[in-house]
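Subject: The structure you asked about

Hi,

Here is the structure I said I would pass on. Have a look at it first, and then read my notes underneath.

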Amino acid sequence: MLEKHNNITYLIEYPENFDESLKYPVLFYIHGAGGRGTDRKKLGEYEVCVYRREHPDKFPFILAVPQCEYNSWFDIFEQLQEFVRYIAGLPYADGKNVFLTGSSMGGYASYQLLMSMPDVFAGAVICCGGGMYWNAGSIMAPVRIYHGKNDISVFPDESVKMYNALINNGKKAELFLLDNTAHNCWHAAYSGDETYEFFKSIMAGKI
């Protein structure tokens, strides 16, 4: 369902048999540059959303997908942070299990959210993004990183730098550089079970 908070329009979807008296993990998806604008149909077309619809039994998360109506997420970064706090603070949100994923422009914003709000997120999956690798030590959550080796929109070295910085700072990180893949590495990250099982493993205390 589409809702609006603090001038950010967003899609929010709930798990099967949702009960407001219970607590549910939260997953934020931060979209890339192609999702900018006011075409609300795009909010339901991302592969995270498709996976949720096709595999509701494997998707225990409240899914929140905000839309950027500006040039980049960094134009409204404070609003984005406040949005995250709002959703994570809902009475039926499990504040100990808040997860983050983003692709391309949304991958850059996701890294910055992890740095700016280190106590909020329990885990993250970043697709073809990049960030201030010199500040990677401020990230507390385990991170999985995906990037296509043939990406010429965001160079794979952006992910390599972030991965190396995380590892060098003693953080938990995994890097997947995908053969025969250009910018759309998010297909591999979101269409299968691996990303969602990664988050579930964190919830189970296995990571």
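In what order do the eight strands of the open sheet come? Going across the sheet, you meet β1-β2-β4-β3-β5-β6-β7-β8, and the pairing is mixed. Before you go further, keep in mind that this is a predicted model.

**The sheet**

The two edge strands are β1 (2-5) and β8 (173-178), and each of them pairs on one side only. If you ignore direction, neighbouring strands of this sheet are turned by 20° against each other on average.

Start at the β1 end. β1 and β2 run antiparallel and are joined by four bridges. Lysine 4 stands opposite threonine 9 in β2 there. The two strands make a hairpin with two residues between them. Click on asparagine 6 in that turn: its phi is positive, about 50°.

Just ahead of this, methionine 1 sits in the segment before β1. Methionine 1 counts as partly exposed, because its relative accessibility is 49% and the exposed class only begins over 50%. Although methionine 1 and glutamate 13 are twelve residues apart along the chain, their C-alpha atoms are separated by 6.3 Å.

Now for β2 itself. Is this strand largely enclosed or largely open to the outside? Five of its six residues (8-13) are buried, so β2 is largely enclosed by the rest of the structure. "Buried" here means under 20% relative accessible area.

On to β4. β2 and β4 run antiparallel, with four bridges between them, and isoleucine 12 has alanine 64 of β4 as its bridge partner. β3 and β4 run parallel, and three bridges join them. Alanine 64 turns up again here, since phenylalanine 28 stands opposite this residue in β4. If you pick out alanine 64 in the viewer, you can look for isoleucine 12 and phenylalanine 28 from there.

**Salt bridges**

How many salt bridges does a search of the whole structure find? It finds seven, and I'll take you through some of them.

One joins the side chains of arginine 40 and glutamate 69, at 2.8 Å from N to O. This pair links distant parts of the chain, with the two positions 29 residues apart: arginine 40 is in the loop between β3 (24-30) and α1 (47-54), while glutamate 69 is in the loop between β4 (62-66) and α2 (77-88). Arginine 40 is partly exposed, with a relative accessible area of 24%. Glutamate 69 is partly exposed too, at 33%.

Another salt bridge brings together the side chains of aspartate 193 and lysine 58, at 3.1 Å from N to O. Aspartate 193 belongs to the loop between α5 (186-191) and α6 (194-203), and lysine 58 to the loop between α1 and β4, so the pair ties together parts that are 135 residues apart in sequence. Aspartate 193 counts as partly exposed at 29% relative accessibility, and lysine 58 does at 27%.

A further one is found within a helix. Glutamate 197 and lysine 200 form a salt bridge whose closest N and O atoms are 3.2 Å apart. Why are these two separated by about one helical turn? Because they are three residues apart in helix α6. Glutamate 197 is partly exposed at 36% relative accessibility, and so is lysine 200 at 21%.

**Empty spaces**

Rolling a probe the size of a water molecule over the atoms shows where empty space is left.

The largest pocket holds about 170 Å³ of space. It is lined by 14 residues, and the closest to its centre are Tyr29, Gly32, Tyr46, Ser103 and Trp186. By class, the pocket lining has five nonpolar, seven polar and two charged residues.

What about cavities? The count comes to one cavity of 30 Å³ or more, and the largest cavity has about 40 Å³ of space. Which residues line it? They are Asn7, Ile8, Gln67, Glu69, Tyr70, Ile76 and Gln79. Three of the lining residues are nonpolar, three are polar and one is charged. You have already met Glu69, as the salt-bridge partner of arginine 40.

That's the tour. Write back if anything in it is unclear.

Cheers

Terms used. Residues are numbered from 1 along each chain as its sequence is written. This is a predicted model: local features need pLDDT of at least 70, side-chain atom pairs count only at pLDDT 80 or more; totals for chains, interfaces and linings use all residues. Side-chain values use heavy atoms; hydrogens and water are left out. On a 1 Å grid over the protein atoms alone, a cavity is a set of points where a 1.4 Å probe fits but cannot get out, and a pocket is an open set with protein on both sides within 12 Å along at least five of seven lines; lining residues have an atom within 4 Å of a point. Grid points are joined across faces, edges and corners, and a volume is the space filled by probe spheres set on the points. Ala, Val, Leu, Ile, Met, Phe, Trp, Tyr, Cys and Pro count as nonpolar, Asp, Glu, Lys and Arg as charged, and the others, Gly among them, as polar. A salt bridge is a side-chain nitrogen of Lys or Arg within 4 Å of a carboxyl oxygen of Asp or Glu. Buried means under 20% relative accessible area, exposed over 50%, partly exposed in between (1.4 Å probe, protein chains only). Two strands pair if DSSP finds at least two bridges between them. Axes are lines fitted to C-alpha atoms, for helices over the stretch in contact, and angles run from 0 to 180 degrees between N-to-C directions.
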